[in-house]
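Colleague: Got a minute to go through this model with me? I'd like to start with the metal site and then look at some packing.

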Amino acid sequence: MLPLRAPLKNNLTHDLETTFLALVKNASAYLPAESHDILRNTYEFSKHAHQEQLRAGGDPFISHPLEVAKILSELHMDLATLQAGLLHDVVEDTTVTRDQIKSEFGNEVAEIVEGVTKIDRLESNFTEPSHTAPSRVITEQAENWRKMLIATAKDVRVIFVKLADRRHNMETLGALRDEKRRRISEETLNLYVPLAQRLGMYSIKHDLADLSLKYLEPEVFDKLELKMKTIKVQQETYLKSCVGKLEAVLKPLDIPYRISARPKSLHSVYRKMVRQNKPFEEIQDLAGIRIITDTVEHCYALLGAVHTHFQPVKDSFTDYIAIPKNNLYQSLHTTIEIAPGEIVEVQIRTEEMHSVAEFGVAAHWRYKLGDKTSTQGKIDKVEAKMDWLKKTLEWLEESQDPREMLEGLKAELEFDQVFVFTPKGEVKKLPLGSTPVDFAYEVHSGLGDQCVGAKVNDKMVRLDYQLKSGERCEILTKKGQHPHKDWLDFVKTPRARSKIKKYFKQLS
Ligand code: MN
């Protein structure tokens, strides 16, 4: 559940120093010792620049960038990113210029700060007007988000700082007017949560989603929080007994592993209730169990043992190791009946997959930057991730209608995906309900444009056929063919939609 940070109280200097030391302690776990002095200098510089500025809640302003840097250190971000966290509001809110930051701390830090400043300016443009129609707000938000992603093509660390900034701002929303609180929470839920999810940064995603729920549905949040508390003891005993049953099966295997059991975030419980249309009491898996081991082989060996001893729930098994999610998340998921009528979800993964699941693109990105243990496999994965970013950007630049972009984003967010094979045996991941036209555009835009028909497992199908996982799809093309307008009635992926629209735009 959400570890809410204690707000700064009266003993300010003391609290600030404590936070700073916590930041240094986190950083010293993975950065060289010299970083300490650099962080100290950066912190003092920022503190001096913000002087006696206060936050809405009355805390000294410096507490905010300091907390942001601390969140970034929890994500194991590099030194330049931590420094940029400390300095991220300096250009926007004080007389310090970008050039000064550049001469004090170097170009790298200055550029990240500048990226964050640009996004902040975009943001204040639309959070200010108070009686904008909701639809306009959404449109402007989406447009803003689009600009933000395009800005990160330069340096994804800008997004990391922005996510940490948003996370701390959400924690301290209490000091703002109710209306403003709601607007910021909506924006967080609409843009930053999907963004964190898309980047595979689950730990920050869950925090942001829980905090948004707290301000958007305060009653729901309070009730859920209370209910989770009420069942906490019972839940812990239950999880302990589940872990015991699993250990009895796993220990004899002589495979290294550790088990962690955790309650689900409030927001994901809430989503489950809404999606399954069930009351809290009927939601079955309020907690999940993770088994973390060293190698992929051991993941499957452990899974084999689990399935040998416990009946898996029908259709619950998903192999995200063989076929990772779009954001490169990997794990084996299964839901088992651990005792008659008792259902529990089990995820099995390696340590590395675990760190990717927590930190997402941040973890990959870390490997890319001179981690001594980095291997080609990891680098390839980073490239795949960056390829995703490129594809998303391409699509963002082509899609003109922000509303449509939001819809597309939501479609991407749904966990329901289908995996379809190309004739060469390559796997393409598509949202549920995707058609051969979506598939064609996913393979190649030329293939989409010239598509005249499709075969699924060697049988002709209509172009609006809904593909299923495991099917092999072959696209029939004809030179000189072009997209049809009615394809827009059934395509599912934002990519196909924007390519088709682009074609017709060129004509007009
Ligand atoms: Mn800020």
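Here are a few questions and answers on this predicted model.

Colleague: Which atoms coordinate the manganese ion, and at what distances?
Modeller: Two histidines do it through NE2, namely His 64 and His 88. Asp 89 and Asp 165 each add an OD atom. Along the chain, the donor spacing reads H-x23-H-D-x75-D. The distances are 2.2 to 2.3 Å.

Colleague: How many residues apart in sequence are the parts that His 64 and Asp 89 tie together?
Modeller: His 64 sits in helix α3, while Asp 89 is in the loop between α4 and α5. So the pair links parts of the chain whose separation in sequence is 25 residues.

Colleague: Is Asp 89 buried or exposed?
Modeller: The cut-off for buried is under 20% relative accessible area. Asp 89 comes out at 8%, so it counts as buried.

Colleague: How do α12 and α14 sit relative to each other: roughly parallel or roughly perpendicular?
Modeller: Their axes come within 10 Å and cross at roughly 105°. Angles of 65 to 115 degrees count as roughly perpendicular, which makes α12 and α14 roughly perpendicular.

Colleague: What classes of residue make that contact of α12 with α14?
Modeller: The α12 side includes Phe 221, Leu 224 and Glu 225, and α14 brings in residues including Tyr 270 and Met 273. By class, the tally is eight nonpolar, no polar and one charged.

Colleague: In the open sheet β10-β9-β11, which are the edge strands?
Modeller: The three strands pair in the antiparallel sense. An edge strand pairs on one side only, and that picks out β10 and β11.

Methods:
Residues are numbered from 1 along each chain as its sequence is written. This is a predicted model: local features need pLDDT of at least 70, side-chain atom pairs count only at pLDDT 80 or more; totals for chains, interfaces and linings use all residues. Side-chain values use heavy atoms; hydrogens and water are left out. Axes are lines fitted to C-alpha atoms, for helices over the stretch in contact, and angles run from 0 to 180 degrees between N-to-C directions. Helices (H or I, at least four residues) and strands (E, at least two) are DSSP runs, numbered from the N terminus. Angles under 35 degrees count as roughly parallel, over 145 as roughly antiparallel, 65 to 115 as roughly perpendicular and the rest as oblique. Contact means heavy atoms within 4.5 Å. Ala, Val, Leu, Ile, Met, Phe, Trp, Tyr, Cys and Pro count as nonpolar, Asp, Glu, Lys and Arg as charged, and the others, Gly among them, as polar. Donors are N, O and S atoms within 2.8 Å of the metal (3.2 Å for Na, K and Ca); water is not among the atoms, so sites may look incomplete. Buried means under 20% relative accessible area, exposed over 50%, partly exposed in between (1.4 Å probe, protein chains only). Two strands pair if DSSP finds at least two bridges between them.
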